[in-house]
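Work through the following exercises with the sequence and the 3D structure open beside you. Try each task before you read its solution.

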Amino acid sequence: MSASAHKPLLATVLGQRQARPPIWIMRQAGRYLPEYRAVRARSNGFLHLCYTPDLAVEVSLQPLRRFDLDAAILFSDILVIPDALGQSVRFEGGEGPILEPITPQTLGLLRPERVLEHLAPVLETVRRLRATLAPDKTLIGFSGSPWTVASYMIGGKGSPDQAAARLFALRHPEAFQTLMDMLVDASVAYLVAQLLAGADVVQLFESWALNLDEVAFARQVIEPNRRIVEGVRARVPKAPIIGFPRGAAGNIAAYVAATGVNAVGLDYATPLGFAAAQVPLAMPVQGNLDPLRLVAGGAQMEARVSQIIAAFADRPHIFNLGHGIVPETPIEHVARLVELVKRGV
Ligand code: CP3
């Protein structure tokens, strides 16, 4: 990273409020863009796209060609870690990922020693993005948080309540801990490698922080995320880290107090006043427009964007959605959103 360039989004993560909130959009590179669908159709499957730096760089940059966003996010997926560990991971026809579920008996077949070698092409994508991006743009790397990744590894697919993974944690606590430890170590190594390859900031996607009682939340969400932050900072002191504990709800204050993340992503169900009261004023927040407001567009979206910006006017704020953009989002609505935020409505 060039030390002199001002990157408004990175500065915000580091706690410096900007005159207008910088903006990026979770899942900004993806199926709502026709140019993404064209590259995807030429690729030999989704994982091939993630592991081919020429293509991954291209799709990472596509949203920045259309919109005045403040950051690019590395194009990859949270499930490259199970793939790198040797678990079977398939992405088929827009249906979401399918994995061969892990059992206490098959856990020993995972190969943590091959993770970084397997992910070398993703790190090459980070290096090329760093070399290509304009100096005022922040490059965001990422990893899934251990509980979210484990819930796919155990359940074999996305699930509305993560029942398979929650039961696994209760019935096989030792095997579960072995899996979480493996994911903490793999995530630390992978995030450190992304930072050394040129990522300015990394985000921990804990997309399934919901449906957990406070004991499970402490063990399955807070503790592994805390260990990742600590492990990354042992190798890259002061590494800027955004945590996104989707659905943390009443656990949000404990999450921000204990994990050590610089900034916290808020899901769209989090009331603005609640977030403002629970998250210390100096801590940057990111979010949190409902992605369906962006699909519908118009006056309701504009009003909500103003409310969100006003609610966080006294603290560092990064504008974002409260979860990923969905494929049916009209491109003109994204352009309008970015324009509104840049104007500082
Ligand atoms: O702009 C970006 O953010 C691109 C990089 C990115 C992808 N996935 C690309 C992708 C990132 C940061 C992710 C994160 C991710 N992946 C999460 C956490 C964020 C969230 O939305 O909660 C999760 C849970 C996954 C797992 C995953 N990958 C699912 C559930 C799916 C299928 C449904 C979907 O959201 O599209 C994927 C596939 C996937 N990952 C696609 C893309 C562009 C679509 C694949 C295709 O082109 O067929």
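**Exercise 1.** Determine whether alanine 249 is buried, partly exposed or exposed, and state where in the chain this residue is found.

*Solution.* Begin with the cut-offs, in which buried means under 20% relative accessible area, exposed means over 50%, and partly exposed lies in between, with a 1.4 Å probe and protein chains only. Alanine 249 has a relative accessible area of 46%, and therefore counts as partly exposed. Next, place the residue: alanine 249 is found in the loop between β6 (241-245) and α12 (252-259), where helices (H or I, at least four residues) and strands (E, at least two) are DSSP runs numbered from the N terminus. Finally, look at the backbone, where phi of alanine 249 is near 45°, a positive value in a residue other than glycine. Most residues other than glycine have a negative phi, and most peptide bonds are trans.

Before going on, keep in mind that this is a predicted model, in which local features need pLDDT of at least 70 and side-chain atom pairs count only at pLDDT 80 or more, while totals for chains, interfaces and linings use all residues. Residues are numbered from 1 along each chain as its sequence is written, and side-chain values use heavy atoms, with hydrogens and water left out.

**Exercise 2.** Describe the backbone at asparagine 211 and at the bond between glycine 287 and asparagine 288.

*Solution.* Take asparagine 211 to begin with: this residue has a positive phi of about 65° although it is not a glycine. Asparagine 211 lies in the loop between β5 (201-206) and α11 (214-235), and its relative accessibility is 34%, so it counts as partly exposed. Then turn to the peptide bond that joins glycine 287 and asparagine 288, which is cis, with omega about -15°. Asparagine 288 is found in strand β8 (residues 285-289).

**Exercise 3.** Find out which backbone atom the side chain of threonine 138 reaches.

*Solution.* Threonine 138 lies in strand β4 (residues 138-144), and, because its relative accessibility is 0%, it counts as buried. Its side chain reaches the backbone nitrogen of leucine 10 at 3.1 Å. Such a polar contact is a pair of N or O atoms within 3.5 Å; within protein, one must be able to donate a hydrogen and the other to accept it, and residues adjacent in sequence count only if both atoms are side-chain atoms.

**Exercise 4.** Describe the surroundings of the ligand, including the residues that come nearest and the polar atoms that face its oxygen atoms.

*Solution.* A residue is near the ligand if one of its heavy atoms lies within 4 Å of it. There are 22 residues around the ligand, and of these Arg31, Tyr36, Asp77, Ser207 and His323 come nearest. The residues of this shell divide into 12 nonpolar, 6 polar and 4 charged, where Ala, Val, Leu, Ile, Met, Phe, Trp, Tyr, Cys and Pro count as nonpolar, Asp, Glu, Lys and Arg as charged, and the others, Gly among them, as polar.

Now consider the polar contacts one by one. A polar side-chain atom of arginine 27 lies 2.9 Å from an oxygen atom of the ligand, a polar backbone atom of alanine 29 is 2.7 Å from an oxygen atom of the ligand, and an N or O atom in the side chain of arginine 31 is 2.6 Å from a ligand oxygen atom. Taken alone the ligand exposes 870 Å², of which the protein buries 88%, with accessible areas coming from the Shrake-Rupley method and a 1.4 Å probe.

**Exercise 5.** Locate tryptophan 147 and phenylalanine 312, and decide whether each is buried or exposed.

*Solution.* Tryptophan 147 is found in helix α8 (residues 146-155), and, because its relative accessible area is 0%, it is buried. The C-alpha atoms of tryptophan 147 and isoleucine 325 are 22 Å apart in space, while the two residues are 178 apart in sequence. Phenylalanine 312, by contrast, has its place in the loop between α15 (299-311) and β9 (317-321), and with a relative accessible area of 0% phenylalanine 312 is buried.
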